Amino acid sequence: YRVPEIHDPLSKFGEEQRAEMMKKGFFEITSAWGDGRIFKVTKEDLDAYNFQSVADTPQVLVHLRKDSSVRVLTIHGHEDKVVSVQNAFRFDEEIANHSLHVIKQANHNFNGIKYLDEMVEQIVTFYKSVYNET
């Protein structure tokens, strides 16, 4: 989920992209992963993003604020440049029964498998706490 006001990829697009969209109906962006992929972004893509970020996320947060029977675990990389770690901190404040684990050196994809053991350990610990297992 995207938390409005914190992570908005639309703010990364400048006047050049907006002008290109007006002229051609889309603009292209290159993958941030350095793999050479090129993506077309259309007005429909932006409209879908706006609908999801405005409609879905707050409704989910409202539900999770009220329903303390729902347990939520968030594992987030502190060095994530795609989705700010501030999203995880905000979820931690907003969700009634939330557990947060931030991996200090991890990026958006947790540096591949570098932090796999730490993530699995957190998931197992969370699972055991939910089901009262030792």
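Student: In which strand is H101 found?
Tutor: This is a predicted model, and in it the chain has four helices and four strands. Among these elements, the one that holds H101 covers residues 98-103, and it is strand β4.

Student: Is H101 buried or exposed?
Tutor: The relative accessibility of H101 is 17%, and a residue counts as buried when its relative accessible area is under 20%. Because 17% falls under that cut-off, H101 counts as buried.

Student: With which side chain does the side chain of H101 make a polar contact?
Tutor: H101 belongs to strand β4, and its side chain takes part in a polar contact at a distance of 2.7 Å. The partner in this contact is the side chain of E118.

Student: What pattern does the chain follow when it is read along the sequence?
Tutor: The elements to be placed in order are four helices and four strands. Read along the sequence, they give the pattern α-β-β-α-β-α-β-α.

Student: What percentage of the residues of the chain count as buried?
Tutor: The chain has 134 residues, and a residue counts as buried when its relative accessible area is under 20%. The share of the chain that counts as buried is 28%.

Student: How many salt bridges does the count come to?
Tutor: E20 forms a salt bridge with K24, K81 forms one with E79, and the side chains of R90 and E94 meet in another. The count of salt bridges comes to three.

Student: About how many helical turns separate E20 and K24?
Tutor: The closest N and O atoms of the salt bridge between E20 and K24 are 2.9 Å apart, and both residues count as partly exposed, E20 at 22% relative accessibility and K24 at 46%. The two residues lie in helix α1, which covers residues 15-24, and they are four residues apart. Because of this spacing in the helix, the separation of E20 and K24 is about one helical turn.

Student: Is K81 buried or exposed?
Tutor: K81 forms a salt bridge with E79, with the closest N and O atoms 3.9 Å apart, and the partner E79 counts as partly exposed at 30% relative accessibility. The relative accessible area of K81 is 67%, and a value over 50% counts as exposed. Therefore K81 is exposed.

Student: In which helix do R90 and E94 both lie?
Tutor: The side chains of R90 and E94 meet in a salt bridge at 3.4 Å, N to O. R90 counts as partly exposed at 24% relative accessibility, whereas E94 counts as buried at 18%. The two residues are four residues apart, about one turn of the helix, and the helix in question, residues 85-94, is α3.

Student: Which residues of α3 are buried?
Tutor: At the start of α3, a side-chain oxygen of S84 reaches to within 3.0 Å of the backbone nitrogen of Q86. Within the helix, E94 has a relative accessibility of 18% and counts as buried. The buried residues of α3 are V85, N87, A88, F91 and E94.

Student: Where is the place of F110?
Tutor: F110 has a positive phi of about 55 degrees although it is not a glycine, and F110 is buried, with a relative accessible area of 16%. N111 also has a positive phi of about 55 degrees without being a glycine, but N111 is partly exposed at 30%. The place of F110 is in the loop between β4 and α4.

Student: Which residues form a nonpolar patch on the surface?
Tutor: One member of the patch, L116, has its place in helix α4, residues 116-130, and L116 is partly exposed, with a relative accessible area of 40%. Together the members of the patch have about 360 Å² of accessible area, and they are I113, L116, V120 and V124.

Student: Why is the pair formed by the rings of Y127 and Y131 tilted?
Tutor: A search of the whole structure finds one aromatic pair. The rings of Y127 and Y131 have their centres 4.7 Å apart and their planes at 40 degrees. Planes under 30 degrees apart would count as stacked and planes over 60 as edge-to-face, so with planes at 40 degrees this pair is tilted.

Note on methods: Residues numbered from 1 in each chain as written. Predicted model: local features only at pLDDT ≥ 70, side-chain atom pairs only at ≥ 80, totals over all residues. Heavy atoms only, no water. Patch = residues over 30% accessible without salt bridge, like charges linked within 9 Å, V, L, I, M, F, W, Y side chains within 5 Å. Areas by Shrake-Rupley, 256 points an atom, 1.4 Å probe, with all protein chains shown as cover. Salt bridge = Lys/Arg side-chain N within 4 Å of Asp/Glu carboxyl O. Buried < 20%, exposed > 50% of the residue type's maximum accessible area, 1.4 Å probe, protein only. Phe/Tyr/Trp six-rings, centres within 6.5 Å; stacked < 30°, edge-to-face > 60°. Polar contact = N/O pair within 3.5 Å; in protein donor to acceptor, adjacent residues only side chain to side chain.
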